[in-house]
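Thanks for coming, everyone. Let's look at one structure together and walk through its inside.

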Amino acid sequence: MSGELLLRHYGLTGTIRVLSSEVECTAEVTLLSGDRLILKTSARPEGRDSFRFQVAALAGLEGASGFAAPHLVRTGAGTLMFEEEEICGYLQTRLSGLSLHQVNATPDVCYRVGQALGRLSLALEPLTLPAMHRPVLWHVGCWPRLMELEEHLQSEPVAASVRLAMGNYVELIKPQLREVAWQVTHNDPSPFNTLLAGQGIAFIDFGDGCWGPRIQDLVVAASHLVTDPSLALGGSENLIAGYASVTPLSTLEAKLLVGLMKARQSALILINYWRAELFPAEAAYMKKNVARAERGLSILSALSVGEADMAVRRAGP
(Lines give C-alpha, C1' and ligand atoms only; values in the text may rest on other atoms or scores of the structure.)
Protein backbone atom coordinates (compact mmCIF):
# COMPACT_ATOMS: atom_id res chain seq x y z
CA MET A 1 0.00 0.00 0.00
CA SER A 2 2.85 2.40 0.79
CA GLY A 3 4.21 1.87 -2.70
CA GLU A 4 0.84 2.58 -4.27
CA LEU A 5 0.40 5.76 -2.22
CA LEU A 6 3.89 6.92 -3.08
CA LEU A 7 3.25 6.51 -6.80
CA ARG A 8 -0.26 7.93 -6.74
CA HIS A 9 0.46 11.09 -4.78
CA TYR A 10 4.11 11.78 -5.57
CA GLY A 11 4.81 9.99 -8.83
CA LEU A 12 7.74 8.19 -7.18
CA THR A 13 8.82 4.57 -6.91
CA GLY A 14 11.45 2.97 -4.75
CA THR A 15 12.35 0.30 -2.23
CA ILE A 16 10.28 0.52 0.95
CA ARG A 17 11.29 -0.63 4.43
CA VAL A 18 8.91 -0.26 7.39
CA LEU A 19 10.51 1.24 10.52
CA SER A 20 9.53 0.89 14.18
CA SER A 21 6.97 3.42 15.38
CA GLU A 22 4.30 3.57 18.06
CA VAL A 23 1.25 5.02 16.32
CA GLU A 24 1.60 5.91 12.64
CA CYS A 25 3.22 3.70 10.01
CA THR A 26 6.69 4.99 9.19
CA ALA A 27 8.53 3.68 6.15
CA GLU A 28 11.92 4.44 4.64
CA VAL A 29 11.81 4.95 0.88
CA THR A 30 14.98 4.52 -1.15
CA LEU A 31 14.61 5.95 -4.64
CA LEU A 32 16.45 4.62 -7.69
CA SER A 33 18.73 7.67 -7.42
CA GLY A 34 19.77 6.51 -3.95
CA ASP A 35 18.01 9.37 -2.19
CA ARG A 36 16.15 8.33 0.97
CA LEU A 37 12.82 9.68 2.14
CA ILE A 38 10.40 8.96 4.98
CA LEU A 39 6.75 8.19 4.23
CA LYS A 40 4.36 8.45 7.16
CA THR A 41 0.80 7.14 6.88
CA SER A 42 -2.09 6.64 9.28
CA ALA A 43 -5.51 5.04 9.05
CA ARG A 44 -6.50 6.24 12.54
CA PRO A 45 -9.04 9.08 12.79
CA GLU A 46 -6.74 11.02 15.13
CA GLY A 47 -3.91 10.61 12.64
CA ARG A 48 -5.31 13.34 10.41
CA ASP A 49 -5.05 16.03 13.04
CA SER A 50 -1.61 14.81 14.08
CA PHE A 51 -0.35 14.90 10.50
CA ARG A 52 -1.90 18.30 9.85
CA PHE A 53 0.06 19.59 12.82
CA GLN A 54 3.28 17.87 11.80
CA VAL A 55 3.34 19.07 8.20
CA ALA A 56 2.45 22.62 9.21
CA ALA A 57 5.28 22.58 11.77
CA LEU A 58 7.82 21.34 9.23
CA ALA A 59 6.62 23.87 6.68
CA GLY A 60 6.84 26.61 9.29
CA LEU A 61 10.46 25.71 10.07
CA GLU A 62 11.64 25.92 6.47
CA GLY A 63 14.35 28.53 6.25
CA ALA A 64 15.07 28.54 9.99
CA SER A 65 18.75 28.52 11.00
CA GLY A 66 20.82 27.13 13.85
CA PHE A 67 19.38 23.60 13.61
CA ALA A 68 18.06 21.21 10.98
CA ALA A 69 14.69 19.51 10.53
CA PRO A 70 13.27 17.29 7.77
CA HIS A 71 11.97 19.02 4.66
CA LEU A 72 8.53 18.24 3.32
CA VAL A 73 8.07 16.81 -0.15
CA ARG A 74 4.90 18.31 -1.60
CA THR A 75 2.41 16.03 -3.32
CA GLY A 76 1.92 16.17 -7.06
CA ALA A 77 -0.97 18.54 -6.35
CA GLY A 78 1.30 20.82 -4.33
CA THR A 79 -0.24 20.02 -0.93
CA LEU A 80 1.66 19.36 2.30
CA MET A 81 0.00 15.97 2.81
CA PHE A 82 -2.45 13.66 1.09
CA GLU A 83 -5.82 12.68 2.49
CA GLU A 84 -7.92 9.82 1.18
CA GLU A 85 -11.14 8.47 2.64
CA GLU A 86 -9.46 5.89 4.86
CA ILE A 87 -5.81 6.92 4.98
CA CYS A 88 -3.64 10.01 5.04
CA GLY A 89 0.05 10.70 5.05
CA TYR A 90 3.01 12.82 4.06
CA LEU A 91 6.52 12.50 2.67
CA GLN A 92 9.68 14.10 4.03
CA THR A 93 13.42 13.92 3.55
CA ARG A 94 15.41 11.52 5.69
CA LEU A 95 18.25 13.22 7.53
CA SER A 96 21.61 11.48 7.81
CA GLY A 97 23.51 11.39 11.08
CA LEU A 98 23.82 9.65 14.42
CA SER A 99 21.14 10.01 17.04
CA LEU A 100 22.28 11.48 20.34
CA HIS A 101 21.82 8.15 22.14
CA GLN A 102 24.43 6.58 19.82
CA VAL A 103 27.25 9.01 20.57
CA ASN A 104 29.34 10.06 23.54
CA ALA A 105 27.36 12.99 24.94
CA THR A 106 30.37 15.13 25.86
CA PRO A 107 29.86 18.51 27.56
CA ASP A 108 30.50 20.25 24.23
CA VAL A 109 27.98 18.08 22.37
CA CYS A 110 25.36 18.67 25.06
CA TYR A 111 25.95 22.41 24.99
CA ARG A 112 25.55 22.51 21.20
CA VAL A 113 22.38 20.43 21.42
CA GLY A 114 21.04 22.88 24.00
CA GLN A 115 21.82 25.82 21.73
CA ALA A 116 20.09 24.15 18.78
CA LEU A 117 17.09 23.38 20.97
CA GLY A 118 16.91 27.01 22.03
CA ARG A 119 16.90 28.06 18.38
CA LEU A 120 14.18 25.52 17.61
CA SER A 121 12.12 27.05 20.40
CA LEU A 122 12.58 30.52 18.93
CA ALA A 123 11.61 29.28 15.46
CA LEU A 124 8.44 27.59 16.77
CA GLU A 125 7.39 30.53 18.94
CA PRO A 126 5.55 32.60 16.29
CA LEU A 127 3.77 29.64 14.69
CA THR A 128 0.03 29.09 14.97
CA LEU A 129 -0.64 25.60 13.65
CA PRO A 130 -3.69 23.45 12.90
CA ALA A 131 -4.56 20.93 15.62
CA MET A 132 -1.98 22.35 18.05
CA HIS A 133 -4.56 21.98 20.85
CA ARG A 134 -5.45 18.36 19.99
CA PRO A 135 -5.23 15.77 22.79
CA VAL A 136 -1.67 14.49 23.22
CA LEU A 137 -0.93 11.85 25.85
CA TRP A 138 2.46 13.43 26.61
CA HIS A 139 1.02 16.91 27.19
CA VAL A 140 1.60 18.35 30.67
CA GLY A 141 -2.16 18.71 31.07
CA CYS A 142 -2.52 14.91 31.00
CA TRP A 143 0.07 14.22 33.67
CA PRO A 144 -2.22 14.54 36.72
CA ARG A 145 -4.20 11.49 35.59
CA LEU A 146 -1.22 9.27 34.84
CA MET A 147 -1.02 7.91 38.39
CA GLU A 148 -4.00 5.75 37.38
CA LEU A 149 -1.33 3.66 35.61
CA GLU A 150 0.67 3.07 38.80
CA GLU A 151 -0.41 -0.59 38.97
CA HIS A 152 1.81 -1.33 35.95
CA LEU A 153 5.03 -0.32 37.74
CA GLN A 154 7.20 -3.28 38.72
CA SER A 155 9.45 -1.76 41.41
CA GLU A 156 8.26 -0.21 44.67
CA PRO A 157 11.26 2.15 45.02
CA VAL A 158 10.52 3.46 41.53
CA ALA A 159 6.81 3.69 42.30
CA ALA A 160 7.54 5.70 45.45
CA SER A 161 9.71 8.18 43.54
CA VAL A 162 7.06 8.49 40.83
CA ARG A 163 4.31 9.15 43.39
CA LEU A 164 6.38 11.86 45.05
CA ALA A 165 7.33 13.56 41.77
CA MET A 166 3.79 13.48 40.40
CA GLY A 167 2.31 14.67 43.68
CA ASN A 168 4.72 17.60 43.69
CA TYR A 169 3.79 18.40 40.09
CA VAL A 170 0.03 18.38 40.74
CA GLU A 171 0.15 20.35 44.00
CA LEU A 172 2.96 22.83 43.44
CA ILE A 173 4.06 23.06 39.81
CA LYS A 174 0.95 22.77 37.68
CA PRO A 175 -0.80 25.77 39.31
CA GLN A 176 2.20 27.95 38.39
CA LEU A 177 2.41 26.92 34.73
CA ARG A 178 -0.13 29.54 33.74
CA GLU A 179 2.49 32.14 34.68
CA VAL A 180 5.15 30.93 32.20
CA ALA A 181 5.27 31.50 28.43
CA TRP A 182 3.39 29.03 26.21
CA GLN A 183 3.93 28.29 22.53
CA VAL A 184 4.10 25.48 19.97
CA THR A 185 6.65 22.89 21.15
CA HIS A 186 8.26 19.78 19.69
CA ASN A 187 7.40 18.03 22.99
CA ASP A 188 9.74 15.05 22.45
CA PRO A 189 13.34 16.11 21.65
CA SER A 190 14.67 12.87 23.14
CA PRO A 191 18.12 11.42 22.28
CA PHE A 192 16.33 9.23 19.70
CA ASN A 193 14.83 12.31 18.01
CA THR A 194 18.00 14.43 18.13
CA LEU A 195 20.61 13.85 15.43
CA LEU A 196 24.21 14.92 15.06
CA ALA A 197 24.01 15.49 11.33
CA GLY A 198 26.29 16.94 8.69
CA GLN A 199 24.32 20.18 8.84
CA GLY A 200 24.64 20.41 12.64
CA ILE A 201 22.06 19.38 15.22
CA ALA A 202 18.79 18.11 13.77
CA PHE A 203 15.41 17.33 15.31
CA ILE A 204 13.00 14.77 13.88
CA ASP A 205 9.57 13.33 14.69
CA PHE A 206 7.18 16.14 15.56
CA GLY A 207 4.33 13.70 16.22
CA ASP A 208 3.92 14.67 19.88
CA GLY A 209 4.23 18.39 19.17
CA CYS A 210 1.53 20.66 20.59
CA TRP A 211 0.79 23.91 22.41
CA GLY A 212 2.59 23.84 25.75
CA PRO A 213 4.90 25.66 28.14
CA ARG A 214 7.89 27.02 26.22
CA ILE A 215 10.20 25.33 28.70
CA GLN A 216 8.75 21.91 27.89
CA ASP A 217 11.28 21.06 25.18
CA LEU A 218 14.15 21.83 27.56
CA VAL A 219 12.43 19.73 30.22
CA VAL A 220 12.20 16.71 27.91
CA ALA A 221 15.71 16.97 26.48
CA ALA A 222 17.39 17.59 29.84
CA SER A 223 15.47 14.83 31.62
CA HIS A 224 17.05 12.24 29.30
CA LEU A 225 20.61 13.34 30.15
CA VAL A 226 20.45 12.83 33.91
CA THR A 227 22.86 9.90 34.28
CA ASP A 228 25.75 10.92 36.56
CA PRO A 229 24.97 10.90 40.32
CA SER A 230 28.17 12.85 41.05
CA LEU A 231 26.66 15.95 39.41
CA ALA A 232 23.78 17.91 40.87
CA LEU A 233 21.72 17.76 37.67
CA GLY A 234 23.15 14.43 36.61
CA GLY A 235 24.97 15.72 33.53
CA SER A 236 22.16 17.79 32.04
CA GLU A 237 23.90 21.01 33.10
CA ASN A 238 25.60 21.68 29.76
CA LEU A 239 22.45 21.20 27.72
CA ILE A 240 20.59 23.59 30.04
CA ALA A 241 23.42 26.13 29.73
CA GLY A 242 23.40 25.88 25.94
CA TYR A 243 19.63 26.37 25.77
CA ALA A 244 19.67 29.31 28.17
CA SER A 245 22.44 31.01 26.17
CA VAL A 246 19.96 31.28 23.28
CA THR A 247 16.60 31.34 25.05
CA PRO A 248 17.14 32.68 28.60
CA LEU A 249 15.04 31.15 31.35
CA SER A 250 12.74 33.33 33.41
CA THR A 251 13.11 33.18 37.18
CA LEU A 252 9.98 31.01 37.43
CA GLU A 253 11.07 28.69 34.61
CA ALA A 254 14.38 28.10 36.38
CA LYS A 255 12.56 27.41 39.63
CA LEU A 256 10.18 24.88 38.05
CA LEU A 257 12.64 23.14 35.74
CA VAL A 258 13.81 20.25 37.94
CA GLY A 259 10.32 19.51 39.23
CA LEU A 260 9.09 19.36 35.64
CA MET A 261 12.00 17.11 34.67
CA LYS A 262 11.07 14.68 37.45
CA ALA A 263 7.42 14.75 36.41
CA ARG A 264 8.38 14.08 32.77
CA GLN A 265 10.60 11.17 33.80
CA SER A 266 7.69 9.82 35.85
CA ALA A 267 5.28 10.25 32.94
CA LEU A 268 7.66 8.34 30.68
CA ILE A 269 7.94 5.51 33.18
CA LEU A 270 4.19 5.24 33.74
CA ILE A 271 3.14 5.49 30.10
CA ASN A 272 5.70 3.05 28.76
CA TYR A 273 5.15 0.31 31.36
CA TRP A 274 1.45 0.56 30.56
CA ARG A 275 1.99 0.53 26.79
CA ALA A 276 4.44 -2.37 27.01
CA GLU A 277 1.72 -4.50 28.62
CA LEU A 278 -0.81 -3.45 25.98
CA PHE A 279 1.54 -4.21 23.08
CA PRO A 280 4.04 -6.87 24.22
CA ALA A 281 5.43 -7.34 20.70
CA GLU A 282 6.61 -3.71 20.77
CA ALA A 283 7.65 -3.70 24.44
CA ALA A 284 11.38 -3.39 23.81
CA TYR A 285 10.89 -0.37 21.54
CA MET A 286 8.44 1.29 23.91
CA LYS A 287 10.67 0.83 26.97
CA LYS A 288 13.88 2.00 25.28
CA ASN A 289 14.06 5.10 27.48
CA VAL A 290 12.63 3.69 30.72
CA ALA A 291 15.87 2.61 32.43
CA ARG A 292 17.37 6.04 31.75
CA ALA A 293 14.29 7.75 33.18
CA GLU A 294 14.34 5.61 36.32
CA ARG A 295 18.03 6.38 36.91
CA GLY A 296 17.52 10.07 36.24
CA LEU A 297 14.56 10.26 38.59
CA SER A 298 16.57 8.66 41.39
CA ILE A 299 19.36 11.23 40.91
CA LEU A 300 17.11 14.29 40.82
CA SER A 301 15.00 13.04 43.75
CA ALA A 302 18.01 13.54 46.02
CA LEU A 303 17.82 17.33 45.55
CA SER A 304 15.77 19.64 47.75
CA VAL A 305 13.76 22.38 46.04
CA GLY A 306 16.36 24.96 47.02
CA GLU A 307 19.26 22.82 45.85
CA ALA A 308 17.54 22.18 42.52
CA ASP A 309 16.91 25.89 41.97
CA MET A 310 20.50 26.76 42.80
CA ALA A 311 21.84 24.01 40.50
CA VAL A 312 19.82 25.34 37.57
CA ARG A 313 21.03 28.89 38.23
CA ARG A 314 24.63 27.71 38.34
CA ALA A 315 24.13 25.91 35.01
CA GLY A 316 22.88 29.08 33.32
CA PRO A 317 25.14 31.28 31.18
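**A tour of the interior**

Start with a cavity. The largest cavity has these residues in its lining: Ser223, His224, Arg264, Gln265, Leu268, Asn289, Arg292 and Ala293. Keep in mind that this is a predicted model.

How much space is in that cavity? Its volume is about 40 Å³. What kinds of residue line it? Two are nonpolar, four are polar and two are charged. Now look at where they come from. Helix 7 and helix 9, residues 290-300, each supply at least two residues of this lining. Helix 7 gives the most, with three.

How many cavities of 30 Å³ or more does the structure hold? Two. The second largest also has a volume of about 40 Å³. Its lining is made of Leu100, Val113, Pro189, Ser190, Pro191, Thr194, Ala221, Leu225 and Leu239. Seven of these lining residues are nonpolar, two are polar and none is charged.

Here is the general idea behind such a search. Rolling a probe the size of a water molecule over the atoms shows where empty space is left.

Back to the first cavity, and to one residue in its lining, Leu268. Leu268 sits in helix 7. Is Leu268 buried or exposed? Its relative accessible area is 4%, so Leu268 is buried. Which residues does Leu268 touch, leaving aside neighbours within four places in sequence? They are Trp138, His224, Asn289, Val290 and Ala293. Here is a distance to try on your screen. Leu268 and Leu146 are 122 residues apart along the chain, and their C-alpha atoms are separated by 9.8 Å.

Stay on helix 7. Ala276 is in this helix too. Ala276 has a relative accessible area of 10%, and that is under the 20% cut-off, so Ala276 counts as buried. Beyond its neighbours within four places in sequence, Ala276 is in contact with Ala283, Met286 and Lys287. Now measure across to Ala68. Ala276 and Ala68 are 208 residues apart in sequence, and 32 Å apart in space, C-alpha to C-alpha.

Next, the core. In soluble globular proteins, nonpolar side chains tend to be buried together. Here the largest nonpolar core has 90 residues. Which of them touch the most other members? Trp143, Leu233 and Leu260 do. Helix 7, residues 251-278, comes up again: 13 residues of this core come from it, the largest share. Apart from that core lies another, of five residues, including Ala68, Leu95, Ala197 and Ala202.

Zoom in on Trp143. Leaving aside neighbours within four places in sequence, Trp143 contacts Trp138, Met166, Tyr169, Gln216, Leu260, Ala263, Arg264 and Ala267.

Now helix 6, residues 237-246. Seven of its ten residues are buried, so helix 6 is largely enclosed by the rest of the structure. Which seven? Glu237, Leu239, Ile240, Ala241, Gly242, Tyr243 and Ala244. What do they pack against? Helix 3 (107-124), helix 5 (216-223), helix 7 and helix 10. One of the seven, Leu239, also lines the second largest cavity.

Look at the loop between helix 5 and helix 6, where you find Ser236. At 0% relative accessibility, Ser236 counts as buried. Leaving aside neighbours within four places in sequence, Ser236 is in contact with Ala222, Leu225, Val226 and Met261.

On to a pocket. The second largest pocket holds about 320 Å³ of space. It is lined by 17 residues, and Asn168, Ile173, Gly259, Lys262 and Val305 lie nearest its centre. Which elements give two or more residues to this lining? Helix 4 (156-173), helix 7 and helix 10 (305-315). The lining has nine nonpolar, five polar and three charged residues.

Last, the cysteines. How many disulfides does the structure hold? Zero. Take Cys142, which is in no disulfide. The nearest cysteine sulfur is that of Cys210, 8.8 Å away. A disulfide needs sulfur atoms within 2.5 Å, so this pair does not qualify. Cys142 is partly exposed, with a relative accessible area of 27%. Cys110, in contrast, counts as buried, at 3% relative accessibility.

One thread to take away. Helix 7 gives the largest share of the largest nonpolar core, and the most residues to the lining of the largest cavity. That's my tour.

Note on methods
Residues numbered from 1 in each chain as written. Predicted model: local features only at pLDDT ≥ 70, side-chain atom pairs only at ≥ 80, totals over all residues. Heavy atoms only, no water. Core = buried A, V, L, I, M, F, W, Y, C linked by side-chain atoms within 4.5 Å. Buried < 20%, exposed > 50% of the residue type's maximum accessible area, 1.4 Å probe, protein only. Helix = DSSP H or I, 4+ residues; strand = E, 2+ residues; numbered from the N terminus. Contact = heavy atoms within 4.5 Å. 1 Å grid on protein atoms, 1.4 Å probe; cavity = no way out; pocket = protein on both sides within 12 Å on 5 of 7 lines; lining within 4 Å. Points joined across faces, edges and corners; volume = space filled by probe spheres on them. Nonpolar A, V, L, I, M, F, W, Y, C, P; charged D, E, K, R; others polar.
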